[in-house]
Amino acid sequence: MDGTRTPITPPETPGTPSIPILPSVRKPWHFSTLCATVENPDRKDQYGSSSVPIYQTATFKGVGGEYDYTRSGNPTRSHLEHHIAKISSARHAFAVSSGMAALDVITRLLKAGDEVIAGDDLYGGTNRLLAYLKTHQGVTVHHVDTTKPETLHPLLKPGKTAMVLLESPTNPLLKIADLQTLCKDIHSRAPNAIIVVDNTMMSPYLQRPLEHGADVVYDSGTKYLSGHHDLMAGVVVCNRDDIAKQIAFIINAVGNALTPFDSFLLLRGTKTLAIRMERQQSTAMKVAQYLNDLGFQVHYPGLANHPGHELHKKLAGGPGAVLSFTTGDKSVSERIVGATRLWGISVSFGAVNSLISMPCVMSHASIDPSVRAARGLPEDLIRLCVGIEDPNDLLEDLEIALLQAGAIKQSSGQFVRTNPTYNPNNSTLINKAIEKLADRGKEGDLEESSWIVSAPGKVILFGEHAVVHGVTAVAASVDLRCYGISTPRGNDGKLHIHLPDLGGFKHTWNINDLPWDAVTPLKEGEPHPDELDAKLVDAISSRAVPYTNNSDTRYKQAVVAFLYVYMMLASKGDRPSLNFTARSSLPVGAGLGSSASYSSCLAVSILLTHRRINVPAHPPPTRLPSQDGDPGHLHVSHGGRKALPREEFADQVNRWAFVAEKVLHGNPSGVDNAVAVYGGALAFTRPSADGIRKGGMEGIQGFKSIRFMLVDSRVPRDTKSLVAGVGRKKQEEPDVVNRILESIQAISDEARRLLLDPEMSRDALLAALEALIDENHAHLVSLGVSHPSLENIKKVTWEEFGLRTKLTGAGGGGCAVTLVPDSFDDEKVKQLVQRLEKEGYSAYLTSVGGSGLGVLSPYNDEEAADGAAEEFVKVDAADLGRWAGERGKWLYT
């Protein structure tokens with residue numbers, strides 16, 4: 001045998017014509033034959049199995065063999081990938097765990113600074129991944145109408161455009177992109193750009209984009225390739241060796257290659273791809289024609305009236321089995337979907353069973369409604385994914401659903417469409433949004449005002465640590481403040497934050513890219529629930545907080561708190577673009593309530609921006625009596641104190657500041673934000689776990705502010721371990737500790753009465769507070785929560801200046817407070833500060849018990865907030881109070 005084959009010549013029969021000799025070279029097989037025939041000459045089964053075996057193993061024995069570990073390679077997956085490459089006109093193919101995993105692998109070819117151009121009618125998951133890349137990976141993404149190749153030209157930049165992501169037909173509007181023209185334009189204008197096509201809607205049976213010039217093609221194998229919705233898979237194909245090498249490395253490194261069993265299922269599914277697709281698109285054509293004849297707007301490239309009909313015929317072998325149509329009324333669409341029985345209500349497509357869905361509330365719900373509206377995605381859109389059922393059964397089920405929903409009616413023996421035009425009484429979400437924007441415009445633009453706000457820090461005067469065990473603590477505001485500036489950005493759709501005190505962190509988001517899909521909107525007038533929305537917190541933390549090399553990681557929670565409050569208040573559609581910058585004259589992290597003052601500033605800024613609260617009208621000015629009987633009016637200036645009303649302003653801010661504090665700290669007492677908003681002082685008692693002690697807060701207002709020196713030891717403190725240490729001491733020496741706690745309770749009671757007593761003379765008040773300061777500190781020392789640095793501060797202030805000092809907060813470092821009597825003059829204060837700084841401490845002279853939340857009055861003669869943002873970030877922290885005061889009149893709670 002020389003290996004050659006002799007043509008078979010049938011014997012001639014007398015009287016019959018001779019049969020022509022068959023050619024020895026076969027023609028290429030048709031696609032359906034390629035699908036049904038799984039052959040890999042390089043991997044013959046040792047037993048001649050007619051079906052590829054499942055190599056259900058994680059490892060392979062031996063050294064130097066082709067396979068060693070299934071993450072890196074597996075014979076079942078190799079057979080599948082060879083088969084996929086064959087039917088896709090590709091040299092290389094890869095199988096991974098899902099369609100989105102395929103896109104994730106592809107986008108890992110990008111790096112920070114790269115630019116991506118993508119269509120404006122994308123699958124929701126694609127849009128979500130691109131938004132993540134923009135936020136976290138530093139990749140710029142441009143969305144354009146890819147049905148118009150010229151829209152890409154201005155964005156194609158050699159050296160910058162790294163990838164172009166295309167779909168044709170698009171999902172769910174089935175728009176057609178001219179893949180041949182686009183690939184030619186892109187390769188000529190940005191030669192290094194990788195052209196990626198999502199071919200899931202077509203499958204390789206109907207369209208092979210590599211033949212049109214694409215560099216990479218991917219499919220969700222979950223859809224048509226599998227055909228049964230019994231596995232998750234994704235495939236990537238390409239012809240370029242360099243790209244294939246990178247993709248193989250990524251899949252092996254990440255470990256998302258398809259499992260052996262799923263590879264077997266997908267390989268089995270592809271064998272029937274051609275016969276399924278033919279049946280499905282044949283029925284889809286009948287459904288599309290039926291709906292079109294009724295007068296619905298149908299999106300299906302198989303219809304002659306589809307704008308991309310002729311172009312699609314040049315690119316693909318058929319129109320596919322997905323179509324969509326609109327009814328003009330979202331509620332009608334909902335009724336149609338709900339009335340079907342044979343059409344299953346589900347996301348996805350490509351299975352043997354027919355499916356029906358509303359993309360805007362299902363597969364594309366993660367895209368913000370305003371973005372959907374801007375991209376022309378109707379809220380009433382219904383998508384039909386046709387299966388292999390009998391077409392008559394499908395049409396009958398759809399017709400009954402249309403009848404029951406009131407979308408069609410019987411007239412003169414035939415069915416006709418009802419309500420063919422938009423019904424304003426059942427307006428879609430898009431129209432409701434338009435109406436809402438119109439109404440808002442009548443009241444004025446939400447984004448027109450700049451705001452400068454401030455909130456004080458706090459100091460625990462008496463009751464530290466003991467408060468954990470049920471003793472009343474007395475806290476008061478300090479006139480070291482956090483300041484915030486919010487300025488409008490017009491309508492650019494962006495949100496910016498700058499936190500100079502936290503490593504100079506700054507970031508800008510596209511508002512529509514924030515994780516709005518995780519927001520549970522509050523009903524009109526509904527307060528925020530007691531518990532945080534954990535889903536939203538997690539979504540912001542994982543999808544919106546950018547990674548930076550900032551060593552001060554405190555910015556992360558500060559950003560989460562800001563975005564959480566913004567998104568909860570904006571969840572109903574009002575999403576103003578703004579810049580927010582926050583700075584503090586308080587030492588951050590020293591136990592002086594800097595986080596609560598920050599929370600209050602962001603809360604009031606966002607509430608004002610959304611017009612959830614309003615600054616009260618300017619009071620009428622003083623006017624003299626007139627001769628016509630007008631007695632005139634006297635306006636008394638209070639320096640802005642008590643200008644902001646409590647119930648409709650301060651209480652609202654306090655509620656949302658407390659929400660932000662929960663984001664920052666998990667389970668705060670509410671003391672810090674209450675002091676930051678209301679000012680003055682308050683007595684706080686923690687409720688007991690058994691419910692016997694109710695607890696609560698009592699405001700202490702009306703006393704004249706008292707000067708204190710806050711001294712930051714610059715020694716980090718571990719609050720949790722200090723609190724735990726006192727708890728252990730109480731367990732070990734309950735009698736001793738309980739006596740101390742009773743003594744501290746008596747101190748807090750005395751202090752509260754002193755501050756509330758209007759008849760108490762100033763000198764007597766200060767003298768009594770000095771004695772209580774010494775007493776309280778001694779008990780805290782007995783509890784073991786002091787620190788050598790705090791004891792040194794107490795020694796310096798007493799022995800050299802005759803002033804009384806105690807630790808404040810958790811102790812163990814942190815801050816001390818020194819009462820500064822009215823008689824202690826400015827020169828002595830200067831000497832005290834210098835002496836403490838010589839010891840390595842930071843000293844801040846402040847007043848305790850002053851005003852709470854402040855807003856720069858919008859009624860100043862000049863636009864005091866305009867142009868302030870640039871100055872704000874340059875002012876020294878110690879001069880922030882002076883700078884803010886120079887801006888004009890302030891209004892306080």
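This report describes two sheets, two helix pairs and the largest pocket of a predicted model.

## The seven-stranded sheet

One open sheet in this predicted model has seven strands in the order E1-E7-E6-E5-E4-E2-E3, and its pairing is mixed. Its edge strands are E1, covering residues 92-96, and E3, covering residues 140-144, each of which pairs on one side only. From one strand to the next, the twist averages 20°. Within this order, strand E5 (residues 194-198) and strand E6 (residues 216-220) pair in the parallel sense over three bridges, and Asp198 stands opposite Tyr218 in E6.

Two helices can be described against these strands. Helix H4, made of residues 124-136, lies across strand E2 (115-119), E3, strand E4 (161-167) and E6, and runs at about 145° to E3. Helix H5, made of residues 179-189, also packs on the sheet, where H5 touches E4 and E5 and has a direction that makes about 160° with that of E5.

## The five-stranded sheet

A further open sheet consists of five strands, arranged in the order E8-E9-E12-E11-E10 and again with mixed pairing. Strand E8 (297-299) and strand E10 (344-345) stand at its edges with a single partner strand each, so one side of each has no neighbour in the sheet.

E10 is joined to strand E11 (residues 355-357) by two bridges, and these two strands run parallel, with Ile345 standing opposite Ile356 in E11. Helix H11 (residues 330-339) packs on the sheet and touches E10, E11 and strand E12 (382-385), while the direction of H11 makes about 25° with that of E12.

## Two helix pairs

Helix H2 (residues 75-87) packs with helix H8 (residues 260-270) at an angle of about 30°, their axes being 8 Å apart, and the crossing is left-handed. On the side of H2 the contact involves Thr76, Arg77, His79, Leu80, His83 and Ile84, which meet Pro260, Ser263, Phe264, Leu266, Leu267 and Thr270 in H8. By class, the residues of this contact are six nonpolar, five polar and one charged.

Farther along the sequence, the axes of helix H23 (residues 788-801) and helix H24 (residues 826-838) come within 11 Å and cross at roughly 145°, in a crossing that is right-handed. Here Ile793, Val796, Thr797, Glu800 and Phe801 in H23 meet Lys828, Gln831, Leu832, Arg835 and Leu836 in H24. The contact of H23 with H24 holds five nonpolar, two polar and three charged residues.

## The largest pocket

The largest pocket encloses about 1600 Å³ of space. It is lined by 46 residues, and those closest to its centre are Ser595, His665, Asp672, Arg717 and Thr719. Sorted by class, the lining of the largest pocket comprises 20 nonpolar, 16 polar and ten charged residues.

Both strands and helices contribute to this lining, and the elements that give two or more residues to it include the strands E15 (451-462), E16 (473-488) and E19 (578-584). The helices that do so are H16 (555-570), H17 (594-609), H18 (646-665), H19 (671-678) and H20 (719-732). H17 gives the most to the lining of the largest pocket, with four residues.

Conventions:
Residues are numbered from 1 along each chain as its sequence is written. This is a predicted model: local features need pLDDT of at least 70, side-chain atom pairs count only at pLDDT 80 or more; totals for chains, interfaces and linings use all residues. Side-chain values use heavy atoms; hydrogens and water are left out. On a 1 Å grid over the protein atoms alone, a cavity is a set of points where a 1.4 Å probe fits but cannot get out, and a pocket is an open set with protein on both sides within 12 Å along at least five of seven lines; lining residues have an atom within 4 Å of a point. Grid points are joined across faces, edges and corners, and a volume is the space filled by probe spheres set on the points. Ala, Val, Leu, Ile, Met, Phe, Trp, Tyr, Cys and Pro count as nonpolar, Asp, Glu, Lys and Arg as charged, and the others, Gly among them, as polar. Axes are lines fitted to C-alpha atoms, for helices over the stretch in contact, and angles run from 0 to 180 degrees between N-to-C directions. A crossing is left-handed if the near helix is turned anticlockwise from the far one by less than a right angle, and right-handed if clockwise. Contact means heavy atoms within 4.5 Å. Two strands pair if DSSP finds at least two bridges between them.
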